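Please work through the exercises below with the sequence and the three-dimensional structure at hand. Each task is followed by a stepwise solution.

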Amino acid sequence: MRVTISSLQDVPPQGDVVTEYDRHHMAQYMRLLDAAGEGASWQEAAQIILGLDTQKEPERARLVHDAHLERAHWLSSEGYRQLAAGRTG
């Protein structure tokens with residue numbers, strides 16, 4: 001599956017299992033973590049990394065950004081263990 005902006009869901013998978021969606025969006029998750037760590041604004045990250053129009057849909061863009069950043073934090077703190085062990089849902 002090729003990752004495209006159109007494949008981005010408003011809300012990433014929830015729960016404690018790494019999914020195919022997570023695997024296909026791993027680069028975006030890592031970029032979101034990097035941007036947050038560097039102090040980039042959520043608007044900049046949402047636009048550049050997620051391809052969202054923060055001017056036309058600011059509320060949706062914020063929700064999508066925050067949901068994916070939250071998932072990225074989970075993957076970096078817990079989900080990576082499943083990836084390292086080769087277990088995914």
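The exercises that follow concern a predicted model.

**Exercise 1. Overall architecture**

Task: Determine how many helices and strands the protein has, and what share of its residues count as buried.

Solution:
- Step 1. The protein contains four helices and zero strands, and from the N terminus its elements follow the order α-α-α-α.
- Step 2. Of its 89 residues, 38% count as buried.
- Step 3. The exposed surface of the protein is about 5,500 Å², of which carbon and sulfur atoms supply 50%.
- Step 4. Among contacts with a separation of 6 or more, 56% join residues that lie 24 or more positions apart.

**Exercise 2. The nonpolar core**

Task: Identify which residues of the largest nonpolar core touch the most other members, and which elements give two or more residues to this core.

Solution:
- Step 1. The largest nonpolar core has 20 residues; Leu 8, Tyr 29, Leu 32, Ile 49, Leu 50, Leu 52 and Leu 75 touch the most other members.
- Step 2. Two or more residues of this core come from each of α2 (26-37), α3 (42-48) and α4.
- Step 3. Helix α4 gives the largest share, six residues.
- Step 4. As background, nonpolar side chains in soluble globular proteins tend to be buried together.

**Exercise 3. Helix α2**

Task: Decide whether the end-to-end distance of α2 agrees or disagrees with the span expected at 1.5 Å a residue. Then list the buried residues of α2.

Solution:
- Step 1. The 12 residues of α2 should span 16 Å at 1.5 Å a residue.
- Step 2. The C-alpha atoms at the ends of α2 are 17 Å apart, so the distance agrees with the expected span.
- Step 3. The buried residues in α2 are Met 26, Gln 28, Tyr 29, Leu 32, Leu 33 and Ala 35.
- Step 4. Beyond four places in sequence, Tyr 29 touches Pro 12, Pro 13, Tyr 21, Asp 22, His 68, Arg 71, Ala 72 and Leu 75.
- Step 5. Just after α2, Gly 39 has a positive phi of about 80°.

**Exercise 4. Two histidines of α4**

Task: Establish whether His 68 is buried or exposed, and do likewise for His 65.

Solution:
- Step 1. His 68 lies in helix α4 (residues 58-85), and His 65 is also placed in helix α4.
- Step 2. The cut-off for buried is under 20% relative accessible area.
- Step 3. His 68 is buried because its relative accessibility is 1%. His 65, at 6%, is likewise buried.
- Step 4. Outside its neighbours within four places in sequence, His 68 contacts Leu 8, Gln 9, Asp 10, Val 11, Pro 12, Tyr 21, Tyr 29 and Leu 32.
- Step 5. With residues up to four places away set aside, His 65 touches Leu 32, Trp 42, Ala 45, Ala 46 and Leu 50.

**Exercise 5. The loop between α3 and α4**

Task: Establish whether Leu 52 is buried or exposed, and which residues Thr 54 is in contact with beyond its neighbours within four places in sequence.

Solution:
- Step 1. Leu 52 is situated in the loop between α3 and α4, as is Thr 54.
- Step 2. Leu 52 is buried because its relative accessible area is 8%; Thr 54 is buried at 10%.
- Step 3. Not counting residues up to four places away, Leu 52 touches Leu 8, Ala 46, Gln 47, Arg 60, Ala 61 and Val 64. Leu 52 and Leu 8 are 44 residues apart along the chain, yet their C-alpha atoms are separated by 9.9 Å.
- Step 4. Outside its neighbours within four places, Thr 54 contacts Trp 42, Gln 43, Ala 46, Gln 47 and Ala 61. The C-alpha atoms of Thr 54 and Trp 42, which are 12 residues apart in the chain, are separated by 9.3 Å.

Notes:
Residues are numbered from 1 along each chain as its sequence is written. This is a predicted model: local features need pLDDT of at least 70, side-chain atom pairs count only at pLDDT 80 or more; totals for chains, interfaces and linings use all residues. Side-chain values use heavy atoms; hydrogens and water are left out. Buried means under 20% relative accessible area, exposed over 50%, partly exposed in between (1.4 Å probe, protein chains only). Contact means heavy atoms within 4.5 Å. Accessible areas come from the Shrake-Rupley method with a 1.4 Å probe; for residues, only the protein chains shown count as cover. A nonpolar core is a set of buried Ala, Val, Leu, Ile, Met, Phe, Trp, Tyr and Cys residues joined through side-chain atoms within 4.5 Å. The expected span of a helix is 1.5 Å times one less than its number of residues.
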